[in-house]
Amino acid sequence: MSEEFELPITLQQIGIKKAIRKKLARHNIETLEELLDTDYEDLIKIRQLGASGINEIKKVLHDAGYKIKNEENSLEAKREKLKSQGRLLLEDLGFPSQTYAILYKTGIFTIEQLNENWNKITQLRGYGPYRQQSLLEHLAMLGIEATAEQLIIPEDVEKRLKEMESQRKIEATELKQREETEEWNILIKEYQALIAEKQNLRKREEEIDEELGRIRESLSAKVKQKRQ
């Protein structure tokens with residue numbers, strides 16, 4: 001009695017590019033199962049992959065009907081969701097990248113979230129005196145005063161921030177509409193191409209039927225000649 005073993009699906013089989021496969025292999029990720037068992041946060045820590053590599057992996061998995069483990073709960077996913085909603089992120093307000101990167105790692109993406117967690121900021125890992133000074137200076141540039149307990153946002157500054165966010169929401173909506181239109185156009189083109197291909201196949205089928213008919217007639221004629 002023989003036993004059947006199911007071979008693991010390789011990353012090459014699902015369409016992951018060779019360069020990305022090599023980077024994943026360095027972290028002992030060589031099969032689909034191993035990739036799906038890897039948490040999203042652990043995956044983005046693989047520096048060699050970068051944003052383009054992560055996006056490529058996401059696309060391939062999504063096309064195959066899969067998702068990266070905890071992808072939707074990742075901090076990056078939360079950031080992208082806020083961005084798609086047109087929310088005004090710290091990066092949009094010109095905060096230094098090294099400063100907002102530390103805040104993003106703790107789930108602080110907006111001024112509102114920064115205010116809510118202000119009394120915990122100094123406890124963040126990597127947030128030393130230099131980062132603190134940089135953050136305070138940028139808040140001052142925006143017209144926001146910082147006390148030990150909270151941020152004080154003047155009405156005119158709050159109004160300006162709301163106007164900026166409203167504009168962002170408009171841009172996000174327009175971008176979504178453009179993407180939906182592009183997706184619609186792509187589907188229409190694919191549909192039209194398949195219809196045209198189907199029509200060509202039907203035409204070719206008719207031509208083959210005609211050729212078969214002529215051949216049958218020729219064969220019938222020859223059979224009759226032999227019988228005579």
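Trainee: What makes R204 count as partly exposed?

Mentor: The relative accessible area of R204 is 40%, and the term covers whatever lies between buried (under 20% relative accessible area) and exposed (over 50%), with a 1.4 Å probe and protein chains only, so R204 is partly exposed. Please keep in mind that this is a predicted model, in which local features need pLDDT of at least 70 and side-chain atom pairs count only at pLDDT 80 or more, whereas totals for chains, interfaces and linings use all residues. Residues are numbered from 1 along each chain as its sequence is written, and side-chain values use heavy atoms, with hydrogens and water left out.

Trainee: How do you know that E211 forms a salt bridge with R204?

Mentor: The closest N and O atoms of E211 and R204 are 3.6 Å apart, and a salt bridge asks for a side-chain nitrogen of Lys or Arg within 4 Å of a carboxyl oxygen of Asp or Glu, so the pair qualifies. E211, at 33% relative accessibility, also counts as partly exposed. Elsewhere, salt bridges that share partners join R87, E112, E165 and K169 into one network, and the structure holds 10 salt bridges.

Trainee: Why is the contact between the side chains of E80 and R79 called a salt bridge?

Mentor: The N to O distance is 2.5 Å, which satisfies the criterion for a salt bridge. The two partners fall into separate classes of accessibility, since R79 is buried with a relative accessible area of 17%, while E80 counts as partly exposed at 36%.

Trainee: What makes K59 and D63 a salt bridge, and where in the chain do they lie?

Mentor: Their closest N and O atoms are 3.0 Å apart, so the pair meets the same criterion. Both residues lie in helix α4 (residues 50-63), four residues apart, about one turn of the helix, and both K59 and D63 are exposed. As a general point, side chains of opposite charge can pair when their charged atoms come close.

Trainee: How do you know how many helices and strands the chain has?

Mentor: They are read as DSSP runs, helices being H or I over at least four residues and strands E over at least two, numbered from the N terminus, and this gives nine helices and two strands. From the N terminus on, the order is α-α-α-α-α-α-α-α-β-β-α.

Trainee: Why is the chain called more spread out than a compact globule?

Mentor: The globule rule, 2.2 Å times the number of residues to the power 0.38, is set against a radius of gyration taken over C-alpha atoms. For 228 residues the rule gives 17 Å, and the radius of gyration of the chain is 30 Å, well over that value, so the chain is more spread out than a compact globule. The C-alpha trace spans about 115 × 55 × 30 Å along its principal axes, and 26% of the 228 residues count as buried.

Trainee: What makes E165 buried, and which residues does E165 touch?

Mentor: Its relative accessible area is 15%, which falls below the limit for that class, so E165 is buried. E165 lies in helix α9 (residues 155-227) and, not counting residues up to four places away in sequence, touches G86, R87 and L88, a contact being heavy atoms within 4.5 Å.

Trainee: Why is D92 buried or exposed, and which residues does D92 touch?

Mentor: With a relative accessible area of 19%, D92 is buried. D92 lies in the loop between α5 and α6 (97-104) and touches R87 and R168, again not counting residues up to four places away in sequence. The C-alpha atoms of D92 and M164, 72 residues apart along the chain, are separated by 9.4 Å.

Trainee: What is the phi of N28, and what makes N28 exposed?

Mentor: N28 has a positive phi of about 60° although it is not a glycine, and it lies in the loop between α1 (18-25) and α2 (32-36). Its relative accessible area is 61%, so N28 is exposed. Phi of N70 is also positive, near 60°, in a residue other than glycine; N70 lies in the loop between α4 and α5 (75-84) and, at 39% relative accessibility, counts as partly exposed.
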